[in-house]
Amino acid sequence: MFGLLRRGANSLSDLTFNVVYEDVRINKERIWYYLFRYYKLFLIAIVVAVTYSSSPVIPPIILIILHIIDFGLIFAMKPLGMEQPDLVGAYMFYPKYPKVYHYTMLIQQILFILLEIFWLILFGIRNSADSGTYMGIGYTICAFVILLLLNGLFRLIWGILKILQYCYLERQANYLSVEKLALENKDGVDDNLIMN
Amino acid sequence: MVRAAAPDSVIYPGSNGQYHLAGQQAVSTQITRYVDIPESSIGDRSSLRNLFNLFRGCAILALFIGLVSFLVGMSAAFDDFFILCQLIFVHIFIQMEYNPPSLRIPFTGLHIVQFLEWLPSAARTSIESGILPANLYQPCSLIFQQYYEDVAFARTVYHAILFIGLTLVIWVIIHVFLLIYDSRHPNEQAKYNNFFVYYYKQYNSKVFVFVDKVARFCYFTFAWSCILQLLFFSN
């Protein structure tokens with residue numbers, strides 16, 4: 001256990017954001033976003049848990065502000081613009097993953113903002129609307145949830161295909177480089193033999 | 001088999017205008033809007049059922065396939081989706097007593113992501129009987145008993161702790177397996193011959209990334225459990 005932690009600590013100091021940043025899906029120039037996305041989750045948990053029974057307006061408004069800030073950060077600072085090493089033969093899924101990740105995260109923030117606006121509408125009409133309308137707003141929120149899930153599923157499937165493509169092509173490239181090295185060594189030996 | 005959603009969450013009208021949950025203490029708060037909607041307004045039950053099934057399917061994909069993804073090194077693709085499901089689900093707690101059935105019933109489908117409920121019902125019962133006194137329920141707001149028994153800390157985090165333990169065991173097993181493979185195939189080229197060996201070498205060698213993936217998968221569960229604990233803990 002200690003060995004594992006020590007090794008992890010070594011990775012943290014030497015390699016973390018210089019070598020493996022693409023694996024935590026963060027631009028190496030925007031390391032602060034790595035912490036921000038954890039803080040954001042923590043803030044959402046606090047806001048929902050602490051204000052669940054307060055005014056129905058407060059929690060959605062705070063969440064909207066949080067999502068607007070996140071949208072602005074992603075849009076302006078491009079913290080998710082991870083750099084990936086070039087891979088020979090890669091097309092579509094691997095090279096375009098950073099863009100897909102960037103845009104689907106932006107869409108996710110917009111959909112969350114819309115979802116929370118409809119949550120506000122729900123509370124706004126709760127004393128005046130008839131039951132059918134009230135139920136209808138609930139269905140509308142469910143529609144936004146479906147859009148959010150579809151957006152997430154799209155990113156998930158793209159991510160799976162990207163990992164598969166990366167593993168296949170990198171293994172192939174490494175295999176070919178080892179083969180080439182072996183052939184070069186063999187040629188070198190043969191040349192030496194001829195010279196002798 | 002997954003434990004049924006919110007076994008004690010059925011609301012019964014009691015005497016004096018009070019409402020209570022099956023098997024739980026009476027509450028003095030009236031659940032106004034939800035109860036005010038007459039049953040005739042919930043005519044379109046198939047839509048509610050379909051939405052519930054859709055959300056349940058997404059929750060199963062996010063949780064169970066997400067857990068399996070750690071075995072095959074695909075967790076980077078799944079953790080975002082799992083966190084997304086958790087974030088969507090906790091929205092239901094915002095003024096929940098006023099939310100219409102068209103929200104509360106479909107959202108029930110997502111409830112398994114709240115505390116990473118990945119163990120089957122029988123295992124959960126036996127573990128809970130081991131870590132918690134019999135019939136212990138932590139007093140908390142009614143709304144937090146709608147989709148889970150209560151907010152007792154041990155009950156809310158043991159799924160995540162077991163999951164972390166399991167991933168550590170898996171990591172060590174893979175590591176030992178790779179060490180054995182290396183000792184039996186000392187030449188460098190051998191790792192490219194076997195797809196799985198190469199794949200796990202890549203996956204296993206990045207310790208920080210692996211820890212980050214596990215932490216990200218469990219982070220919201222711990223954050224949510226701790227905050228609920230701070231709200232309702234009483235001696």
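Mentor: One term first: a residue is buried if 20 or more other C-beta atoms lie within 10 Å of its own, exposed if 12 or fewer, and partly exposed in between, with the C-beta atoms placed from the backbone. You're looking at a predicted model, where local features need pLDDT of at least 70 and side-chain atom pairs count only at pLDDT 80 or more, while totals for chains, interfaces and linings use all residues. Residues are numbered from 1 along each chain as its sequence is written, and chains are lettered from A and ligands numbered from 1 in the order in which they are written.

Trainee: Which residues of helix 6 of chain B are buried?

Mentor: They are Arg155(B), Thr156(B), Val157(B), Tyr158(B), His159(B), Ala160(B) and Thr167(B). The cover over them includes helix 5 (121–131) and helix 9 (207–232) of chain B.

Trainee: What makes a stretch a helix or a strand?

Mentor: Both are DSSP runs numbered from the N terminus: helices are H or I with at least four residues, strands are E with at least two. Counted that way, chain B has 9 helices and 3 strands, in the order β-β-β-α-α-α-α-α-α-α-α-α. Chain A has 5 helices and 0 strands.

Trainee: How do you know what span to expect for helix 6 of chain B?

Mentor: You take 1.5 Å times one less than the number of residues. Helix 6 (residues 153–184) of chain B has 32 residues, for which 46 Å is expected, and its first and last C-alpha atoms are 47 Å apart, close to that figure.

Trainee: Where is the kink in that helix centred?

Mentor: On His159(B), with a kink of about 30°. The bend at a residue is the angle between axes fitted to the seven residues ending there and the seven starting there. His159(B) is also among the buried residues of helix 6.

Trainee: Why is Val145(A) called buried?

Mentor: Val145(A) has 25 C-beta neighbours inside 10 Å, so it counts as buried. It lies in helix 5 (residues 131–195) of chain A.

Trainee: And why is Ile160(A) called partly exposed?

Mentor: That residue has 17 C-beta neighbours inside 10 Å, so it counts as partly exposed. Ile160(A) is in helix 5 of chain A too.

Trainee: What are Val145(A) and Ile160(A) in contact with?

Mentor: A contact means that two C-beta atoms, placed from the backbone, lie within 7 Å. Leaving aside neighbours within four places in sequence, Val145(A) is in contact with Leu115(A) and Ile88(B), and Ile160(A) with Met74(B) and Ala77(B).

Trainee: Lys78(A) and Gln95(B) both caught my eye. What is phi for each?

Mentor: Phi of Lys78(A) is near 50°, a positive value in a residue other than glycine, and phi of Gln95(B) is near 50° as well. Lys78(A) sits in the loop between helix 3 (58–77) and helix 4 (93–124) of chain A; Gln95(B) is in the loop between helix 3 (75–90) and helix 4 (101–108) of chain B.

Trainee: Why is Gln95(B) called buried, and why is Lys78(A) called partly exposed?

Mentor: Gln95(B) has 23 C-beta neighbours inside 10 Å, so it counts as buried. Lys78(A) has 15 other C-beta atoms within 10 Å, so it is partly exposed.

Trainee: What makes a set of residues a nonpolar core?

Mentor: Its members are buried Ala, Val, Leu, Ile, Met, Phe, Trp, Tyr and Cys residues joined through C-beta atoms within 7 Å. The largest one here has 75 residues, and those with the most contacts inside it are Val48(A), Ala59(B), Ala62(B), Phe82(B), Cys85(B) and Val113(B). Elements giving two or more residues to this core include helix 5 of chain A and helix 6 of chain B. Apart from it lies another core, of 9 residues, among them Ile26(A) and Tyr97(A).

Trainee: What does Val113(B) touch?

Mentor: Not counting residues up to four places away in sequence, Val113(B) touches Ala59(B), Ala62(B), Leu63(B), Phe82(B), Cys85(B), Gln86(B) and Phe89(B).

Trainee: How do you know how confident the predictor is in chain B?

Mentor: Look at pLDDT, its confidence in each residue from 0 to 100. Chain B averages 79, and 75% of the residues score at least 70. Over residues 1–10 of chain B the pLDDT is below 50, and this stretch has 26 contacts in the model beyond near neighbours in sequence. The model scores ipTM 0.82 and pTM 0.82.
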